[in-house]
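Dear colleague,

I am handing over the structure we spoke about, with the sequence alongside. Please have it open while you read the notes that follow.

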Amino acid sequence: SGIGQVAAMATLLISEGAAYGITYGVLVLCAIVACLAMPFIYKGLTKEGQDFWYSARGSQGWISLGLSYFASSMGAWVIFAAPEVGILSGWWGLLGYALASSVPYLVLCILGPLVRRRFEDGFCLSDWVLERFGRVMQVYVAIVSVFYMWIYLVAELTSMGNLVRDFAGLNPLAALVPLSLVTMCYTIAAGLPASIWTDRLQGVAMVIIIVVVMIPIFSDLSIREENWHQASFWNDKGFESLVTLILAILGAALFDMGAWQRVYAAKDDGQLRKGLIFGAILIFWVMFLFGLSGMLAEAQDLGRNPPTLTIKALAFFDLLQSQARWVPTFAYALATCMVASSVDSLQTGILSVVSQAIMERDMSPAKRMGLGQLFVLSVNIPAIILASEATKDPELGFNIINLFLIADLLTLSITVPVFLGLHPFVTQRGALFGCVCGLLFIMGFGWLEFGTFVAGMEMFTLMAFGNTKPPEFGLTASRTCIIFFMLPIVTGAGALIVSWMERVWEKLNVVQQQETQDAGKNARV
């Protein structure tokens, strides 16, 4: 089978000793950096205020922010998903994924300063949502955001387990558990500042290793011209993927609370914008290179008789097979850095959702930090358990794109109603109704297409999971592009219509009250 073939292939990439050494070496180095940062962090706890452990407020320049945005967004999913999209969707998909992964940070250049000016003492986006729309809307936004970050966290931990199995044939728990525990420990000890400090190290290391690994891989290819033309195509399906990916990842990235934590961590708006642009440039080129590696692997595989690349998500591994042993060793170090940088950022991002509520409690700074540390612990233990179970199902581990699309769908359904709140016209009920319209649209689309209520519910998975099995599902289905394109329109229209009705009703009430007052004055005269 394909999975058996992968396992057999992967055991040849690096030795067990190298896998253990790299995994623990990267983790120890990150822990040392976090420990070195602690004196500055606890000094900041007094100097900058009690919330510094949670927010690193106003402390980061543009280089630090850029590296942090880059490192925290480039998880191990890149190694699986970007090559697969390049193979399945061609040039449009490759460019779409690269743009989709970087454009949200350019959008944050506009939205970040606006939200920060409107709520200067926040920790993340949901704090502004509470002030603007009230508790109900904040709770819903927080649930959707945590769901997205939770899937991301479990996917990253699962990827770490799959990587150590596919590179060295080890038990996934041998890497999954140490990584999650070490990142959790230094996050508990030093909070968001530790995550940003380690991101600097991981970001620089990732850039260097990517260059070192890609040069020999791209220099050692055997591809016929006709096979390259067959693998490097432009078609309508690829363009649909481009549209879907840009809209999907834009919605998800705007509700990644780790990204909003760094908005508040910036020294000022200028440093924030430069950092976001720097991070977006790094992200674009990394995504482009990994997407291109997928197309090259497919073109090379087409020249084999018969082709052996049965699982497209493993295209990058296919390229590593023919390399000298040091290349996959560096590639595994890269993957470990990617997972560590994403996991610690997700841990602090999930924590930020409750940071404001914790800071408002009447207790000492030490107790506030302790409560936050306890929350980090409570989030990570279930994630470790779930990820360890997920590594037992390799097919699920390779289905990363469709897992992310589920969370992307929900985050996009709230994006327009929430950010319309930057204008005073939109009301609380209008925003809530816009979010409900998104859910009803998704469910109604599936019910209408397949004729059953169950299919309507399965549409939240974009038909990738469930009993209804259409020929096309997930990213490559045309319905996915239609849904992602229509969601912002439907949710925005719902929010604006109800807000308009409320504003008209308010004006009518004002007019009626004025007429009543005038009538009272005339009666007294």
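Helix 8 and helix 12 cross in a left-handed sense, and in this predicted model the two helices, spanning residues 173–219 and residues 269–302 respectively, pack with their axes 12 Å apart at an angle of about 25°. Because angles under 35 degrees count as roughly parallel, helix 8 and helix 12 are described as roughly parallel to each other. On the side of helix 8 the contact is made by Val207, Ile210, Met214 and Phe218, while helix 12 contributes Leu282, Val286, Leu289, Phe290, Leu292, Ser293 and Leu296.

Phe290 deserves a second look, since beyond its neighbours up to four places away in sequence it touches Ile210 and Met214, and also Val78, Ile79, Ala82, Pro83, Phe316, Leu334 and Met338. Phe290 is also, together with Trp260 and Tyr332, one of the residues that touch the most other members of the largest nonpolar core, which holds 149 residues. Helix 5 (residues 77–118) supplies the largest share of this core, namely 18 residues. A second core, separate from that one, has 5 residues, among them Phe52, Ala56, Leu192 and Ala265.

As for the chain as a whole, its secondary structure comes to 20 helices and 0 strands, and 58% of its 525 residues are buried. Of the contacts with a separation of 6 or more, 85% are between residues 24 or more positions apart. The protein chain exposes about 20,700 Å², of which carbon and sulfur atoms supply 68%.

With best regards

Methods
Residues numbered from 1 in each chain as written. Predicted model: local features only at pLDDT ≥ 70, side-chain atom pairs only at ≥ 80, totals over all residues. Heavy atoms only, no water. Core = buried A, V, L, I, M, F, W, Y, C linked by side-chain atoms within 4.5 Å. Buried < 20%, exposed > 50% of the residue type's maximum accessible area, 1.4 Å probe, protein only. Helix = DSSP H or I, 4+ residues; strand = E, 2+ residues; numbered from the N terminus. Contact = heavy atoms within 4.5 Å. Areas by Shrake-Rupley, 256 points an atom, 1.4 Å probe, with all protein chains shown as cover. Axes fitted to C-alpha atoms, helices over the stretch in contact; angles between N-to-C directions. Parallel < 35°, antiparallel > 145°, perpendicular 65-115°, else oblique. Left-handed = near helix turned anticlockwise from the far one by under 90°.
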